[in-house]
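Thanks for coming. Please look at the structure on the screen while I talk through some charged side chains and a metal site.

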Amino acid sequence: MAMRGSVKQALLGLAFALAPLAACHAAQPAPSKTSAELPVVKPEVVRKLPHDPHAWTEGLFFDSTGQMYESTGELGRSTLRRVNVETGEVLARADVPMPLYGEGSSPVGDKIYSLSWRDGIGMIWNKATLKPEGQFNYMGEGWALTRLGPNLIMSDGSSNLRVIDPNGFRLLRMIHVTAQGRPVDQLNEVELVDGEIWANIWLTDRIARIDPASGHVKGWIDVSDLHKEAGTTGPDQIPNGIAYDGVHHKLYVTGKEWPVMFEIRVPGVK
Ligand SMILES: [Ca+2]
């Protein structure tokens, strides 16, 4: 998701305000075991690759040919790029037109669809030329996109994922994401991996593994070690970018302004 001054301050303030409460609850005997009983795994790092440290990563994906693309945010420097995953080189880039704020993106045939956070306007790009070819509208916030069969999955920072027919960007149904019966909100960058929807949880080092049919979180991936290794310490320079290369069966994660992209392996994931 995006960050603009006062909103960011307010949200961070809220997070900090809630932190002591969370600590208090943790000290109580019973109530919150929300994530404790779900499996938490740490990924194995296969390779460390370069990543543009100026990329405010909001969307990350591979197309059906095994080519990586990335969309980036921040007002005035939002972009869509074709990236060499091996070298981190930006092979082609397009600026998101002002005043739109670049958010998540996903391939749809020979197009790329992208969101613009609170601006309510989606962009349709020619995947080969990265030239804009159209727009669509959506309600509420738009954070990230991924594919689910012929449809798109869209996150908006809540605990709901929208299933969208890209033809007309029509809402088909909602997936209510819960972990042991409790809503999991702040769902951010998303990726379909091995039949599961994976979602970064905003401002955390956690990735949720979500069953698309039920919305139930099946487990968590803890990328805190990767965050430490990336070396970013800003409160917003968080993990946000998951991409599965279906051609080469490889999985990558990065973060906002991380100088590194990690190829990872997760136990039990093909
Ligand atoms: Ca993704």
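The side chains of K228 and D225 form a salt bridge, with N and O 3.9 Å apart. Keep in mind that this is a predicted model. Both residues sit in helix α2, three residues apart, which is about one turn of the helix. K228 is exposed, because its relative accessible area is 64% and the cut-off for exposed is over 50%.

D225 has another partner. It also pairs with K42, and there the closest N and O atoms are 3.1 Å apart. This pair joins distant parts of the chain: D225 is in helix α2, residues 224-230, while K42 is in the loop between β1 and β2, 183 residues away. How accessible are D225 and K42? D225 is partly exposed at 38% relative accessible area, and K42 is partly exposed at 44%. Put together, K42, D225 and K228 are linked in a network of salt bridges.

In general, side chains of opposite charge can pair when their charged atoms come close. How many salt bridges does the count come to? The count is 19.

One more of these involves E196 and K218, with an N to O distance of 3.1 Å. E196 lies in strand β18, residues 196-201, and K218 lies in strand β20, residues 217-222, so this salt bridge ties together parts that are 22 residues apart in sequence. Is E196 buried or exposed? E196 counts as buried, because its relative accessibility is 8% and buried means under 20%. K218, at 43%, counts as partly exposed.

Now the metal site. Which residues coordinate the calcium ion? The donors are the O atoms of L60, V190 and I242, an OE atom of E191, and two entries for OE of E189, at 2.4 to 2.7 Å. Along the chain, these donors follow the spacing L-x128-E-V-E-x50-I. E189 is buried, with a relative accessible area of 0%, and V190 also counts as buried, at 0% relative accessibility.

Why is the arrangement around the calcium ion called irregular? The six donor atoms subtend angles of 48 to 167°. For six donors to count as octahedral, opposite donors must be over 155 degrees apart and all others between 65 and 115. An angle of 48° fits neither range, so the arrangement is irregular. For comparison, ideal angles for six octahedral donors are 90 or 180 degrees.

Conventions
Residues numbered from 1 in each chain as written. Predicted model: local features only at pLDDT ≥ 70, side-chain atom pairs only at ≥ 80, totals over all residues. Heavy atoms only, no water. Salt bridge = Lys/Arg side-chain N within 4 Å of Asp/Glu carboxyl O. Helix = DSSP H or I, 4+ residues; strand = E, 2+ residues; numbered from the N terminus. Buried < 20%, exposed > 50% of the residue type's maximum accessible area, 1.4 Å probe, protein only. Donors = N, O, S within 2.8 Å, 3.2 Å for Na, K, Ca; no water. Tetrahedral: all angles 85-135°; square planar, octahedral: opposite > 155°, others 65-115°.
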